[in-house]
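Work through the following exercises with the coordinates open, and try each task before reading its solution.

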Amino acid sequence: MDPDCIFCKIVRNDLPSFKVYESDTVLAFLDIRPVNAGHTLVVPKAHSHNIFDIAQKDWLAVAEAVRTIAIAIEKGVGADGVNIAMNNREHAGQVVFHPHVHIIPRFKDDGLKLMPQREYKETEAATTLEKIRAAL
Ligand code: AMP
Ligand code: ZN
């Protein structure tokens, strides 16, 4: 528990939220500024910061809750699909530094786009692969 963390405050009911799901280790609640209605955040109850320091057992619990809740969101709001996303660290767009997975319901004509993609240059794929595999 971090006294300055807004998601810890939500977990402790010190701040209100629209709770979607709760277990011993996980809480899911509606994002206050949704991409689409039903946009939900799934968080571990224990405080850490992001994917880089979350405890394995908390991550496994969050991941399984995401699967269950994604199915319910799609069915519940009649979506045509869902995006599942997690921002980790400031330069990846993380604003709240308590781990959270976004589940965003998507609709056929919602007009939203995915992140832009590009082609690899000549040897870039191979050298990039080498760096990642060396770090595993
Ligand atoms: P991120 O950029 O991945 O850190 O996303 C943080 C998310 O938390 C944003 O989508 C916010 O709209 C959402 N958020 C911030 N404060 C609250 C709150 N009190 N209740 C629900 N969602 C919140
Ligand atoms: Zn926290």
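**Exercise 1.** In which loop does R89 lie? Locate this residue in the predicted model, then describe its backbone and its exposure.

*Solution.* Begin with the position: R89 belongs to the loop between β4 and β5 (101-106). Next, turn to the backbone, where R89 shows a positive phi of about 80° although it is not a glycine. Finally, take the relative accessible area of R89, which is 47%; because exposed means over 50% and buried means under 20%, R89 counts as partly exposed.

**Exercise 2.** Carry out the analysis again for N13, and decide on its exposure class.

*Solution.* N13 is found in the loop between α1 (6-11) and β1, and its phi is positive, at about 65°, although N13 is not a glycine. The relative accessible area of N13 is 52%, so this residue is exposed, given that the cut-off for that class is over 50%.

**Exercise 3.** Establish the strand order of the sheet, and identify its edges.

*Solution.* Following the pairing across the open sheet of five strands gives the order β1-β2-β3-β5-β4, with antiparallel pairing. The edge strands are therefore β1 (19-22) and β4 (81-85), since each pairs on one side only. From one strand to the next, the twist averages 20°. Looking closer at one pair, β1 and β2 (residues 26-30) run antiparallel and are joined by three bridges, with Y21 standing opposite A28 in β2.

**Exercise 4.** Characterise I32 by its location, its exposure and its distance from S17.

*Solution.* I32 sits in the loop between β2 and β3 (40-44), and its relative accessible area of 80% makes it exposed. I32 and S17 are 15 residues apart in sequence, while their C-alpha atoms are 8.3 Å apart in space.

How values were computed
Residues are numbered from 1 along each chain as its sequence is written. Chains are lettered from A and ligands numbered from 1 in the order in which they are written. This is a predicted model: local features need pLDDT of at least 70, side-chain atom pairs count only at pLDDT 80 or more; totals for chains, interfaces and linings use all residues. Side-chain values use heavy atoms; hydrogens and water are left out. Two strands pair if DSSP finds at least two bridges between them. Helices (H or I, at least four residues) and strands (E, at least two) are DSSP runs, numbered from the N terminus. Axes are lines fitted to C-alpha atoms, for helices over the stretch in contact, and angles run from 0 to 180 degrees between N-to-C directions. Buried means under 20% relative accessible area, exposed over 50%, partly exposed in between (1.4 Å probe, protein chains only).
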